[in-house]
Amino acid sequence: HWLGQYSAPRMSGTGASIFALLDTVADAEKIASQTPDRWTTKVATRINRSPLLAARAEFLGAQGLRRV
């Protein structure tokens, strides 16, 4: 309920964590600094493309292979 005052909370796929999507990193850091002491917080940014896919494409290109 606490996080819901800032944004719609969501649960991770495993249920091990709860997170919220916010507009800016500054907003996330401000909220994280106000989190009750009994909880651990992390501020992260989302990415639209997996770095693993980029590394795979680079590797395949270096090997002269094409993406399948």
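This passage describes the confidence, the largest pocket and the aromatic contacts of one protein chain.

The model is predicted. Across the protein chain, pLDDT averages 88. A score of at least 70 is reached by 96% of the residues. Confidence is highest in α1, at a mean of 95, and lowest in α2, at 87.

The largest pocket has a volume of about 900 Å³. Its lining comprises 26 residues. Closest to the centre of this pocket are Leu 3, Ile 18, Phe 19, Ala 20 and Lys 42. Two elements each give two or more residues to the lining: β2, spanning residues 18-19, and α1, spanning residues 25-33. The most comes from α1, which gives four residues. By class, the lining holds 16 nonpolar residues, seven polar residues and three charged residues.

Attention turns next to the aromatic side chains. The structure holds two aromatic pairs. In one pair, that of Trp 2 and Trp 39, the ring centres are 6.0 Å apart. The planes of these two rings meet at 65 degrees; planes over 60 degrees apart count as edge-to-face, so the pair of Trp 2 and Trp 39 is edge-to-face. Trp 2 belongs to the segment before β1 (10-11), whereas Trp 39 sits in the loop between α1 and α2 (51-62). The pair therefore ties together parts of the chain that are 37 residues apart in sequence.

A third ring joins these two. Trp 2, Tyr 6 and Trp 39 form one aromatic cluster. Tyr 6, like Trp 2, lies in the segment before β1. The C-alpha atom of Tyr 6 is separated by 14 Å from that of Val 43, which is 37 residues away along the chain.

How exposed are the members of the cluster, Trp 2, Tyr 6 and Trp 39? Trp 2 has a relative accessible area of 22% and is partly exposed. For Tyr 6 the value is 32%, so Tyr 6 is also partly exposed. Trp 39 reaches 41% relative accessibility and counts as partly exposed too. The bounds for this class are 20% and 50%.

A charged side chain also meets the cluster. Arg 38 lies over the face of Trp 39, at 4.6 Å from the ring centre. Trp 39 thus has two kinds of contact: the edge-to-face pair with Trp 2 and the placement of Arg 38 over its ring face.

Definitions and conventions
Residues are numbered from 1 along each chain as its sequence is written. This is a predicted model: local features need pLDDT of at least 70, side-chain atom pairs count only at pLDDT 80 or more; totals for chains, interfaces and linings use all residues. Side-chain values use heavy atoms; hydrogens and water are left out. On a 1 Å grid over the protein atoms alone, a cavity is a set of points where a 1.4 Å probe fits but cannot get out, and a pocket is an open set with protein on both sides within 12 Å along at least five of seven lines; lining residues have an atom within 4 Å of a point. Grid points are joined across faces, edges and corners, and a volume is the space filled by probe spheres set on the points. Ala, Val, Leu, Ile, Met, Phe, Trp, Tyr, Cys and Pro count as nonpolar, Asp, Glu, Lys and Arg as charged, and the others, Gly among them, as polar. Rings of Phe, Tyr and Trp (its six-membered ring) pair if their centres lie within 6.5 Å; planes under 30 degrees apart count as stacked, over 60 as edge-to-face and the rest as tilted. Buried means under 20% relative accessible area, exposed over 50%, partly exposed in between (1.4 Å probe, protein chains only). A charge sits over a ring if NZ of Lys or CZ of Arg is within 6 Å of the ring centre and within 35 degrees of the ring normal. pLDDT is the predictor's confidence in each residue, from 0 to 100.
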